[in-house]
Every structure is written in structure tokens, then in C-alpha cells.
Amino acid sequence: MYFCKQKYNEYQMKKYILDLQVRSVEHLNDRYVLLKLTDEKPLPEMRPGQFVEVRVDGSPSTMLRRPISINFVDRNANELWLLVAAVGDGTRRLAQLSAGDTLNCVLPLGNGFTMPMSSDERILLVGGGVGVAPLLYFGAQMKSVGAVPTFLLGARSAKDLLLLEQFQALGRVFVTTEDGSMGERGFVTDHSILQQEQFTRISTCGPKPMMMAVARYAAHADIPCEASLENLMACGLGACLCCVEKTTDGNLCVCTDGPVFDTRRLMWGNENN
């Protein structure tokens, strides 16, 4: 039986439907675009790991909203950053936006990462591809409470690494690329930092195979690990059942019970191969 419920172990945040103004559109490379949005009023409170549901106008084939992770919230500039991978009709339409356009967003949605309890926590943030998006805001929030994040970012090649300068401004950054064009060659779980240092917690977001590998490493090393899942989330409210994930607590909706989960609750997180 599919059962979607809102998680109450944190607190319920008010949700908003806002017409946000596009302040700038930065084409990071031929695939990724950084949208910076603003509003006349102060933006709502948002937590690292939460996401927004974006309405895509002008695309006849895109009837449902698109879920996009909150990349960063700049309170001084009153900006919300969304990192978009232009891979389908809907996201390609978003990549064609210009400054001054309006983007209708439902936010904030879902439950986020667990914030550090003290500045002594050594948290490793592991991201791959567009999955690095929520880790930037998480790292910024960690730094604001005195904890120093360590980032481990993976990509196919150097040109696919995103927002490196912004990550480097927040903490230590380690890199892997599959072709060896930057950092260490291989996958994130191959990086030497995992053998050289010990961490008290790991948070990860990216392609599912990468997150599964990170979860297996964490389980073998007996390190608590959280993963931000990227299941298809059409409504963001637990109504459409598109994003159901099998967990130790039964079938749960990623959009309302996640997208961040303790990997010990995920059935794939317990796999040994």
C-alpha cells in the first residue's frame, strides 16, 4: 500500500505560491543554468535540502511543475538561486528565461538536511552533477553556525564541475573527475580523503548510483548518512504518488517525507552490491 504522510519530527513550514522575478540568468556551460530570483517582499524561510515546484510556461509538452532544489538563498540580496540542468523540454524552457521574466514557484517544499548540533561535527557533503545544488546552501548554513563543511564533488570532466568558487568560499573542496581532468581520477567514493580523514556524518545528493555507493561506504564505515533523493515529484504535496520510495517504514513519498532521508531507512541503502 502506498502511504504518503508529512513528516512532523521537525516543524511544519508555511508554503507559498509566488510569482518571482528573474533577476539574472547565468549560463554556466552548455547544459547548466543558474537562475537568480527575487521578490518585492522578503523571501520566505527556507531550509537546506528543501525544493521548489516551478511552473513552466510556454512549453506545450510540459503540463506538470518541475521540482528544483534550493541552491542558495542570499538574504542580503533577497535572492533565491536555482541550478537547472537543461535536459528536457521543461528545463530547456527554463534555461531560455531572461532577466525581468516571471517564474511561478511553490515553496518551500519537503524536509531538509539535519543541521550540525555543534561546530565540532565533521560533516562531509558529497555531490555529483546537478546534485551539488542543495549542498551549497547547506554548507552556507553550516558555516553560519560555526561548523566548517568539507565538500567532495564529482563530475565527468572539469567542465562539468559547477560553482567551484562558491563552494571554496565556504569550506574545503575535494574533486574527482571520471576523465582525470581535475582533482583525482575516478568516482567520489574513490577519493583518498575517505581513507585519510574521519567524518562524523555524510550528506549526499546526485545520481542514484553515486548516492548508493556513498551510502554503502557510510554503512561500512559506520557513519550516519543522509541522501537527498531526486525522484520524479510532479505535485510536491504527496498527492500524485509519482515519487514513492520503498523504505524500512513502508512506501513513502519523497516530496513530503523527504527528499532527504537517513540512508539506513532506504531499501537500496542496505544493498551490499
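Helices here are DSSP runs of H or I with at least four residues, numbered from the N terminus. I needed that to place G146, which sits just after helix 2 and takes a positive phi of about 95°. The model I am reading is a predicted one.

**Entry 1: helix 2**

I stayed with helix 2, which spans residues 133-144. I asked how many of its 12 residues are buried. The count is nine, and the helix is mostly covered. I listed the buried ones as A133, P134, L135, L136, Y137, F138, G139, A140 and M142.

**Entry 2: nonpolar cores**

I then looked up the largest nonpolar core and found 52 residues in it. L37, L80, L82 and L103 have the most contacts inside this core. Helix 2 gives it the largest share, seven residues. Another core lies apart from it and has 31 residues, including F199, M211, C225 and M233.

I took L80 for a closer look. Leaving out residues up to four places away in sequence, I find L80 touching L20, L35, K36, L37, L43, M46, V52, I70, F72, V73 and L107. L37 is thus both a partner of L80 and one of the residues with the most contacts in the core.

**Entry 3: the largest pocket**

I read a volume of about 1,100 Å³ for the largest pocket. Which residues lie nearest its centre? They are G128, G129, V130, G131 and E230, out of 45 lining residues. I sorted the lining by class and noted 22 nonpolar, 15 polar and eight charged residues.

I also checked which elements supply at least two residues each to this lining; they are strand 4 (66-69), strand 6 (79-85), helix 2, strand 9 (150-155) and helix 5 (208-221). Strand 4 supplies the largest share, four residues. Helix 2 therefore appears in my notes twice, once for the pocket lining and once for the core.

**Entry 4: cavities**

I counted two cavities of 30 Å³ or more. I looked up the second largest, which holds about 50 Å³ of space. Its lining consists of L124, V126, L152, V188, T189, L194, I202, V214 and Y217. By class I have eight nonpolar residues, one polar and no charged. Strand 8 (123-128) and helix 5 each supply at least two of the lining residues. Helix 5 also supplies at least two residues to the lining of the largest pocket.

**Entry 5: R201**

I moved to R201, which lies in strand 12, residues 201-205. Is this arginine buried or exposed? R201 counts as buried because its relative accessibility is 10%, and the cut-off for buried is under 20%. Its side chain reaches the backbone oxygen of T114 at 2.7 Å. Setting aside neighbours within four places in sequence, I list its contacts as T114, M115, P116, E121, R122, I123, L124, I223, P224 and E226. L124 in that list is also a lining residue of the second largest cavity.

**Entry 6: N104**

Last, I looked at N104 in strand 7, residues 102-109. N104 is buried too, because its relative accessible area is 7%. I asked which side chain is joined to that of N104 by a polar contact of 2.5 Å. The partner is R65. R65 recurs in the wider contact list of N104, with I17, L18, D19, E53, V54 and R55, where residues up to four places away in sequence are not counted.

Key. Residues are numbered from 1 along each chain as its sequence is written. This is a predicted model: local features need pLDDT of at least 70, side-chain atom pairs count only at pLDDT 80 or more; totals for chains, interfaces and linings use all residues. Side-chain values use heavy atoms; hydrogens and water are left out. On a 1 Å grid over the protein atoms alone, a cavity is a set of points where a 1.4 Å probe fits but cannot get out, and a pocket is an open set with protein on both sides within 12 Å along at least five of seven lines; lining residues have an atom within 4 Å of a point. Grid points are joined across faces, edges and corners, and a volume is the space filled by probe spheres set on the points. Ala, Val, Leu, Ile, Met, Phe, Trp, Tyr, Cys and Pro count as nonpolar, Asp, Glu, Lys and Arg as charged, and the others, Gly among them, as polar. Buried means under 20% relative accessible area, exposed over 50%, partly exposed in between (1.4 Å probe, protein chains only). A polar contact is a pair of N or O atoms within 3.5 Å; within protein, one must be able to donate a hydrogen and the other to accept it, and residues adjacent in sequence count only if both atoms are side-chain atoms. Contact means heavy atoms within 4.5 Å. A nonpolar core is a set of buried Ala, Val, Leu, Ile, Met, Phe, Trp, Tyr and Cys residues joined through side-chain atoms within 4.5 Å.
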